[in-house]
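Here are some notes to read alongside the structure, set out as numbered points. Please keep the sequence and the 3D view open while going through them.

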Amino acid sequence: MLPQLHSALADPGAGRCSTTVSVAAPWLRPYVVGYGGYRAGAADRPGPLRRRMFPMTLTTVLLDVDPAVRLVTGARHTGVLHDGPPWRVGVSVGLTPAGVRTLLGPDVRELAGETVPLEAVAPLAGLAERLAELPDWSARVAALDAEFTARLRAVRTPPDRIVDRAWLRLQRPAGRAPIGALAAELGVSRRYLELEFRRRIGLSPKTVARVARLQRALAALAGPEATLGAATAVGYADQSHLSRETRALVDATPGELFAFVQDTVRAAP
C-alpha cells in the first residue's frame, strides 16, 4: 500500500506544488504507510489559499515549516475544500487506524472528517524543525523512520483488532471481496464488522473500500502517461462507473481530477 494523495490546489493558476513520496520502513507499515514531501509554489501568496482535499482512508499529519499549518486531517469519505494559510514546505505522514491509536493516542474515529491543529493531538514538538534542517529527502525519511520506530518501542503495542486487519485488506487491489465474504473470512458477522468500523474508524467498510479504490484511480491518473482507461482498470466496471464515483466522492469529473493530479504530483527539487 502506497501513501495516498491528500490534496491539490483548487485553483490551478495559484501555483504548482512539487511532491515526492516514500514508503515507511517495513516494520512500521502496519502503523505508518509512508511520507510525502511537498513544496508549494503558492507559499508566498498573501491571505488564505483554497485546497481541494481528496477522500482518504488514512489519517494525515502535516509537518510544515509554518507552525500555523501543522495539522492532522482525519480519514474522510468525500472531498472538501479547505481555506487556510498557504502550506509552504514540509512532510506529510500517512497513518493507518492502528498507527493513529498507537502513535497519537485517539481512535481514528475521533478524527474522521476533521482537520485539527497538530499540537491538539500529537506531541511532536520540534520534529518539523529537525526535518527542515536535514540536507535531503533520504535523510528526512531516515529521521522519520527513526522517530516513529522509537515511539513504537516506547508504547505497549495494542492488540491486533479485527477491524485493523479488515481495513488493511480493503486497501489492497486484491482485497475487493464483498464485505460479507471478508467478515466470514475473519470469523465475524457482517453486522459486527460494520458496527466495529463505524465505532473504531467512523466510516463503513463499504465506504473505506470505495475511497481506497478512488485513491488507486488517483494514483493511476498521476502517471506521466496516465489515461482514463488506466484509472478505470483499478476496479471500476467501466468509465461511466468511474465518472459516477468521482462525481459522488469529489464532485468532479475524471478529466478534472486528471488535471488536479497532474498539477500536484511532480518530482520535488
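**Notes on rings, cores and charged pairs**

1. In this predicted model, the count of aromatic pairs comes to one. The partners are Tyr 38 and Trp 87, and because their ring planes stand at 50°, with the centres 6.3 Å apart, the pair is described as tilted. For that label, it helps to recall that planes under 30 degrees apart count as stacked and those over 60 as edge-to-face.

2. The two rings come from distant parts of the chain, since Tyr 38 belongs to strand β3 (residues 32–40), while Trp 87 sits in the loop between β7 (80–84) and β8 (89–95), 49 residues apart. Tyr 38 has a relative accessible area of 9%, so this residue is buried, and Trp 87, at 5%, counts as buried too.

3. The largest nonpolar core contains 49 residues, and among those with the most contacts inside it are Val 32, Tyr 35, Leu 144 and Phe 197. Helix α3 (residues 137–154) gives the most to this core, contributing five residues. A second, separate core has 18 residues, including Ala 8, Leu 214, Val 234 and Leu 257.

4. Which residues does Val 32 touch, leaving aside those up to four places away in sequence? They are Ala 24, Val 93, Gly 94, Leu 95, Leu 103 and Phe 148.

5. The structure holds 11 salt bridges, and one of them joins the side chains of Glu 147 and Arg 151, with 2.8 Å from N to O. These two residues are four apart in helix α3, so about one helical turn separates them. Glu 147 is buried, at a relative accessible area of 18%.

6. Helix α6 offers another example, in which Arg 200 and Glu 196 form a salt bridge whose closest N and O atoms are 3.6 Å apart. Because they are four residues apart in that helix, they too are separated by about one helical turn. Arg 200, at 19% relative accessibility, counts as buried, because the cut-off is under 20%, and Glu 196 is buried as well, at 11%.

7. Arg 210 forms a salt bridge with Glu 245, the closest N and O atoms being 2.8 Å apart. This pair links distant parts of the chain, with Arg 210 in helix α7 (residues 205–221) and Glu 245 in helix α9 (residues 239–250), 35 residues apart. Arg 210 is partly exposed, at 25% relative accessibility, whereas Glu 245 is buried, at 9%. Elsewhere, salt bridges that share partners join Arg 130, Glu 147 and Arg 151 into one network.

Definitions and conventions:
Residues are numbered from 1 along each chain as its sequence is written. This is a predicted model: local features need pLDDT of at least 70, side-chain atom pairs count only at pLDDT 80 or more; totals for chains, interfaces and linings use all residues. Side-chain values use heavy atoms; hydrogens and water are left out. A nonpolar core is a set of buried Ala, Val, Leu, Ile, Met, Phe, Trp, Tyr and Cys residues joined through side-chain atoms within 4.5 Å. Buried means under 20% relative accessible area, exposed over 50%, partly exposed in between (1.4 Å probe, protein chains only). Contact means heavy atoms within 4.5 Å. Rings of Phe, Tyr and Trp (its six-membered ring) pair if their centres lie within 6.5 Å; planes under 30 degrees apart count as stacked, over 60 as edge-to-face and the rest as tilted. A salt bridge is a side-chain nitrogen of Lys or Arg within 4 Å of a carboxyl oxygen of Asp or Glu.
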